[in-house]
Amino acid sequence: MNKIFEVPLYPYRRHADQDALSPAHHKVAVIGAGPVGLAAAVDLAQQGVEVVVLDENDKVSFGSRAICFAKRTLEIADRLGLGAPLVDKGVRWSIGKVFFDERKVYDFNLLPEEGHKRPAFINLQQYYIEEYLVKRAREIEAGGAQIALRGGNKVAGITDHGDHVALSIDTPEGQYEITADYVIACDGAASPVRSMLGLDFVGRVFEDNFLIADVIMEADFPTERWFWFDPPFNKGQSALLHKQPDGVWRIDLQLGWDIDKEQEKKPENVTPRLKAMLGDDVEFSLEWVSIYTFQCRRMEKFRHNRVIFAGDSAHQVSPFGARGANSGLQDTDNLAWKLKLVLDGLAPDALLDSYDAERVFGADENILNSSRSTDFITPKSEISRVFRDAVLDLSEHHAFARPLVNSGRLSMPCTYDGSPLNTPDALPLGPARTRPGSPCPDAALGNRFLLDGLGDRFTLLTINTDAPDSLTESGITVTRLALSDQDDVTGALTARYLGDAPAAVYLIRPDQHVAARFRAYDDTAIRAAIRCATGQDIQA
Amino acid sequence: MTADLILTPNMDRPDDIYAGLLATHEGLTKDASDALNARLILILMNHIGQHDVLAQALQAAKSPEKG
Ligand SMILES: Cc1cc2nc3c(=O)[nH]c(=O)nc-3n(C[C@H](O)[C@H](O)[C@H](O)COP(=O)(O)OP(=O)(O)OC[C@H]3O[C@@H](n4cnc5c(N)ncnc54)[C@H](O)[C@@H]3O)c2cc1C
């Protein structure tokens, strides 16, 4: 049995701030040491921003919670310095099977695109990600980064004074105060910070309950994702079986709306349900059981002056499609570099409004996708069930119906079409997937990968064309990454970045999204694009 | 380019295929008929394929008096 979630990783320790005569000041305070808060802190500290993380707890999250991490998250983890341990520990899978009633209707192979360093998905318990993030925080702290994790520190009060934020913090030894230039609220779906500031959180509650059980068993089920619609062992409902590392299996059983949660959670009620699913002869033990009600909702705005919300505190989705933790990490990926530039005085505060614009757009995309999955899995009317069942019946015999089967559309990063930071596309023959706003797709370059050469700073990617090795505009230095057909041994670079264009120049943001692209280097145009991508013109 | 939904006569042998539709449903319970209709709609939607045409078809079915 995995006991990592019982080990205090950052236990409460008295800090000099608690004895200061006037509140100590910090650059950034992160509230919440879940995956999102930890990623935000590591990202900022690694870029030289002083950060303090406050959490009322001192351990990783209890139970596995999020288990499916998408490629984009692994790429972000690479940038943060923990991609390798995640991928080494995680379980890779690409086969899925769909069952309807008593029969298997079809199976699929995700057949991930070639030429990426990271797999399409891995399954890994959320507590491993948190544990590795804590380790990484310690590692960069030892290397001189200013990052402090304070367990047993519960934020009890917050006041935005316009030019700084004051926090009052409860500890086992009483209350103290600190101030910060900016606060990132990563305090989860129930966000006390949101309530303290009297902010909204609106959306839709799905009238359904799911039993989520992590089960340890030595079973010879293959490493595949199995999804059942209306199975004999859970009539009228759905079920999911998915493998995690350490012989742990995730089982989701839909229970419906009118249930007694406390009763259903008891092992004497859970065990017979699992036996009906797994068979009487399979030996298993329960690691974690939870009952979950799904909500799809978000705050109207994620940025409230100097208090910025990220992760579940800002938006919540149903878990079908694994968009909770994955999208939270895209939030901090988007925010960290912007905050760094603003704190360094290299970009106006208005750059932070683009975090709001881009991540609200991302949250809406996630909410749309996960609402559709939920509506397919739990049809809301008689006629939607009739159509749902018709899709499943047809999918057994006809390929055309399979793309309609929706047991979760797995998390894909969002393309920020229409972002104020984008410069209009000036590479008309370029591929649509790398238009301005897109996350850069990886490409194998012999024995290295494109994404390893990008990130944390602005990059000028040139393919088959000349440009200066570096340039500085408005104090922002952009370094060139020069590639040509010679580097493109697999053809992936051409397919993903050139299309039918003979050459290209890309301006790439520190979060590996495309800001602008051109046919050739044009000093005036590139400088304008850098100003646009860093919000310089928003203020003017 | 948006294709237009055809709302003028376009079926080969309309009487025969209409009779075929009724015959296919013959003897079915209401539930089985509803399921058959749903499968039929999905099959036809896939055959048509184009999003614009299908969207116009949904509108035309919802409000036949318009357009
Ligand atoms: C029971 C359950 C099952 C889930 N299952 C899945 C799943 O299967 N798939 C999936 O993709 N997602 C799942 N999720 C969602 C996923 O876990 C979240 O999206 C993810 O944890 C969000 O991370 P976060 O860092 O934003 O918030 P959290 O992980 O919730 O972290 C919030 C942190 O804030 C701290 N905090 C709260 N208040 C204060 C305060 N006042 N002061 C200081 N610290 C505070 C908490 O201690 C906590 O550490 C599940 C969530 C739950 C609760």
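Modeller: A nonpolar core here is a set of buried Ala, Val, Leu, Ile, Met, Phe, Trp, Tyr and Cys residues joined through side-chain atoms within 4.5 Å. The model is predicted.

Biologist: Which helix gives the largest share of the largest nonpolar core?

Modeller: That core holds 97 residues. Val28(A), Leu86(A), Leu167(A), Val183(A), Ile184(A), Leu460(A) and Leu507(A) touch the most other members. The largest share is nine residues, and the helix that gives it is H8 (residues 324–343) of chain A.

Biologist: Where does this core lie relative to the domains of chain A?

Modeller: Domain 1 covers 3–90 + 117–201 + 299–365, and domain 2 covers 432–533. Both give residues to the core, so it lies between domain 1 and domain 2.

Biologist: How many residues are in the second, separate core?

Modeller: Its members include Phe100(A), Phe227(A), Phe294(A) and Val391(A). The count is 25 residues.

Biologist: Beyond its neighbours within four places in sequence, which residues is Val183(A) in contact with?

Modeller: Val183(A) is one of the residues that touch the most other members of the largest core. Its contacts beyond four places are Ala29(A), Ile31(A), Ile158(A), Val165(A), Leu167(A), Arg306(A), Val307(A) and Ile308(A).

Biologist: Is helix H2 of chain A mostly covered or mostly open, and how many of its residues are buried?

Modeller: H2(A) spans residues 71–80 and is mostly covered. Its buried residues include Arg72(A), Leu74(A), Glu75(A) and Ile76(A). They pack against helix H1 (35–46), strand S3 (68–70), helix H3 (83–89), strand S7 (121–123), helix H4 (126–142) and H8 of chain A. The buried count is nine of 10.

Biologist: Which residue follows H2(A)?

Modeller: Its phi is positive, near 90°. The residue is Gly81(A).

Biologist: Is Lys104(A) buried, partly exposed or exposed?

Modeller: Lys104(A) lies in strand S6 (residues 103–109) of chain A. Beyond four places in sequence, Lys104(A) touches Lys97(A), Val98(A), Phe99(A) and Glu396(A). Buried means under 20% and exposed over 50%. Lys104(A) has 37% relative accessibility, so it counts as partly exposed.

Biologist: What separates the C-alpha atoms of Lys104(A) and Trp228(A)?

Modeller: The two residues are 124 residues apart along the chain. Their C-alpha separation is 8.5 Å.

Biologist: Which elements of chain B give two or more residues to the nonpolar patch?

Modeller: The patch covers about 530 Å². Tyr18(B), Leu21(B), Leu22(B), Leu40(B), Leu44(B) and Ile48(B) make it. Ile48(B) is partly exposed, at 39% relative accessible area. The elements are helix H1 (14–25) and helix H2 (30–48) of chain B.

Methods
Residues numbered from 1 in each chain as written. Chains lettered and ligands numbered in written order. Predicted model: local features only at pLDDT ≥ 70, side-chain atom pairs only at ≥ 80, totals over all residues. Heavy atoms only, no water. Buried < 20%, exposed > 50% of the residue type's maximum accessible area, 1.4 Å probe, protein only. Helix = DSSP H or I, 4+ residues; strand = E, 2+ residues; numbered from the N terminus. Domains from an automatic or database assignment. Contact = heavy atoms within 4.5 Å. Patch = residues over 30% accessible without salt bridge, like charges linked within 9 Å, V, L, I, M, F, W, Y side chains within 5 Å. Areas by Shrake-Rupley, 256 points an atom, 1.4 Å probe, with all protein chains shown as cover. Salt bridge = Lys/Arg side-chain N within 4 Å of Asp/Glu carboxyl O.
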